[in-house]
Amino acid sequence: MSVHDELTSVQRCLDDLFRSLGRLEQHLGSGGLEMRRVRADADHLRESVALLRDAAPGFEQPRRPELVTIPDTPYDRTLWTDSDDEGLGARDRHAP
């Protein structure tokens, strides 16, 4: 596995851990010293993995593509003056 795959796997495991801790806190409550300690340790693990991800060579966060706004106004008809209709050919010529 690549470093990227390993870090992604660790991140998924941490996400599962945090979900499980949330359910455990609902049953046991979050006021006890043991629960606070486990939560603090899990937070430290998450911070450490984030530091590893930042330090990993060649690891890039997935980027969302830049959105392009397309206006609702009609296109200028002169854009299509010399164009061919797909499958039909040019306007002034006959199809074979």
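Guide: A salt bridge is a side-chain nitrogen of Lys or Arg within 4 Å of a carboxyl oxygen of Asp or Glu. The model discussed here is predicted.

Visitor: What makes Asp15 and Arg46 a salt bridge?

Guide: Their side chains meet at 3.2 Å, N to O. The cut-off is 4 Å, so the pair qualifies. Asp15 belongs to helix α1 and Arg46 to helix α2, so the pair ties together parts that are 31 residues apart in sequence.

Visitor: Why is Asp15 called partly exposed?

Guide: Its relative accessibility is 26%. Partly exposed covers values between 20% and 50%, so that label applies. Arg46, at 32%, also counts as partly exposed.

Visitor: How do you know that Arg46 lies over the face of Phe18?

Guide: Arg46 is at 3.8 Å from the ring centre of Phe18. The limit is 6 Å for CZ of Arg, together with an angle within 35 degrees of the ring normal. Phe18 itself is one of the buried residues of α1, and what covers those residues includes α2.

Visitor: What makes Arg19 and Asp16 a salt bridge?

Guide: The closest N and O atoms are 2.2 Å apart, and the cut-off of 4 Å therefore admits them. Both residues lie in helix α1, three residues apart, about one turn of the helix.

Visitor: Why does the pair of Glu25 and Arg39 tie together parts that are 14 residues apart in sequence?

Guide: Glu25 forms a salt bridge with Arg39, with 2.8 Å between the closest N and O atoms. Glu25 lies in helix α1 and Arg39 in helix α2, so the pair joins those parts. A search of the whole structure finds three salt bridges.

Terms used
Residues are numbered from 1 along each chain as its sequence is written. This is a predicted model: local features need pLDDT of at least 70, side-chain atom pairs count only at pLDDT 80 or more; totals for chains, interfaces and linings use all residues. Side-chain values use heavy atoms; hydrogens and water are left out. Buried means under 20% relative accessible area, exposed over 50%, partly exposed in between (1.4 Å probe, protein chains only). Helices (H or I, at least four residues) and strands (E, at least two) are DSSP runs, numbered from the N terminus. Contact means heavy atoms within 4.5 Å.
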